[in-house]
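Please open the model in your viewer and display the chain as a cartoon. This tour proposes one selection after another and states what is found at each stop.

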Amino acid sequence: MSNISSNLKYLRKKKGLTQQQFADLMGIKRSLVGAYEEDRAEPKYELLKKIAESFELTIDEFINEIINDKWKPKLKSQGSNLRILSISVDQDDNENIEMVPVKASAGYLNGFADPEYIKDLPKFQLPLPALKQGTFRAFEIIGDSMLPIQPGSVIIGEYVDNWNDVKTGETYVIVSKNEGVVYKRAGNKFKENKELKLVSDNKLYDPYLVPADDILEIWKAKAYISSTLPDPTPEPTIETLTNMMSQMQKSLSQMNKN
């Protein structure tokens, strides 16, 4: 159970604001503030974020901490702060794997933390041992930047709540404000207030950096589903061997720079 109602009432009064004054600041009706403080309703994600920011808190602190005169803020680390995550469960209370099709990826940027939005996504279960422990979501990918995984494949990712756990060289689904939903390989460890380097397996695409404050979610790739079966491996040619050697030299050069 969240502490939104008691925290909102305490923090509003501490700032010396009436319900009407606070409602005006948030651009909402006074009756909504009363409903939130009396625990008759809870604000939607965007408003929740706005309220937390107005008190200089994270959403996690505003929802889960008991904030009163004895409360002290914890040292903040962007990589390790807990984030709000909406999930759905089946009739046996098992977590579903929600599916985010390409057509829904734009809406996901706004609705990823909204339980009503998540509830309406397609969902399924997979009886795989690797998907038994954790929270998982499936993302349909487009483009050929991660070949040999084909466009239209579905990447099943495990939720990463601590971004400091991101490992260089492993693949992730990154949800960010400007890039949307992308499937890439991590090119560096996550560092607070720094950028995360995203690398494509298709070397025709250059690596690029995403600012930490642009990232919304990170999901570690655990499996993928594809309706495209692989072609036979062709016999190597002089050209392909030359390209392979060139790529190896390029990779070694980049490793030495890092």
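Which residues are buried in helix α3 (residues 30-37)? Select this helix: V33, G34, A35, Y36 and E37 are buried, where buried means under 20% relative accessible area, exposed over 50% and partly exposed in between, with a 1.4 Å probe and protein chains only. Helices (H or I, at least four residues) and strands (E, at least two) are DSSP runs, numbered from the N terminus.

Before continuing, note that this is a predicted model, in which local features need pLDDT of at least 70 and side-chain atom pairs count only at pLDDT 80 or more, while totals for chains, interfaces and linings use all residues. Residues are numbered from 1 along each chain as its sequence is written, and side-chain values use heavy atoms, with hydrogens and water left out.

**The surroundings of α3**

Now add α1 (4-14), α2 (19-26) and α4 (45-54) to the selection; these helices are among the elements that cover the buried residues of α3. A contact here means heavy atoms within 4.5 Å.

Next, select D39, which follows α3 and is placed in the loop between α3 and α4. Its phi is positive, near 60°, in a residue other than glycine. Most residues other than glycine have a negative phi, and most peptide bonds are trans. With a relative accessible area of 37%, D39 is partly exposed.

**A second positive phi, and a cis bond**

Move to D93, in the loop between α5 (59-64) and β1 (97-100). The phi of D93 is near 70°, again a positive value in a residue other than glycine. D93 counts as exposed, because its relative accessibility is 61%.

Then select L147 and P148, which are joined by a cis peptide bond with omega about 20°. P148 belongs to the loop between β3 (136-140) and β4 (154-159).

**A buried aspartate**

Select D214, in the loop between β8 (208-211) and β9 (215-225). Which side chain of opposite charge is nearest to D214? It is K177, 5.4 Å away; D214 is buried yet has no salt bridge. A salt bridge is a side-chain nitrogen of Lys or Arg within 4 Å of a carboxyl oxygen of Asp or Glu.

Show N178 as well: a polar contact of 3.3 Å joins its side chain to that of D214. A polar contact is a pair of N or O atoms within 3.5 Å; within protein, one must be able to donate a hydrogen and the other to accept it, and residues adjacent in sequence count only if both atoms are side-chain atoms. Leaving aside residues up to four places away in sequence, D214 touches S176, K177, N178 and E179.

**An exposed leucine**

Select L229, in the loop between β9 and α8 (238-257). Is L229 buried or exposed? L229 counts as exposed, because its relative accessibility is 70%. Add D144, 85 residues apart from L229 along the chain; their C-alpha atoms are separated by 15 Å.

**The whole chain**

Finally, display everything. The protein chain has eight helices and nine strands, and its C-alpha atoms fill a box of roughly 75 × 45 × 30 Å along the principal axes. Of its 258 residues, 38% count as buried. Among contacts in the protein chain with a separation of 6 or more, 60% come from residues 24 or more positions apart.

Conventions:
Lys, Arg positive; Asp, Glu negative; His and termini not counted.
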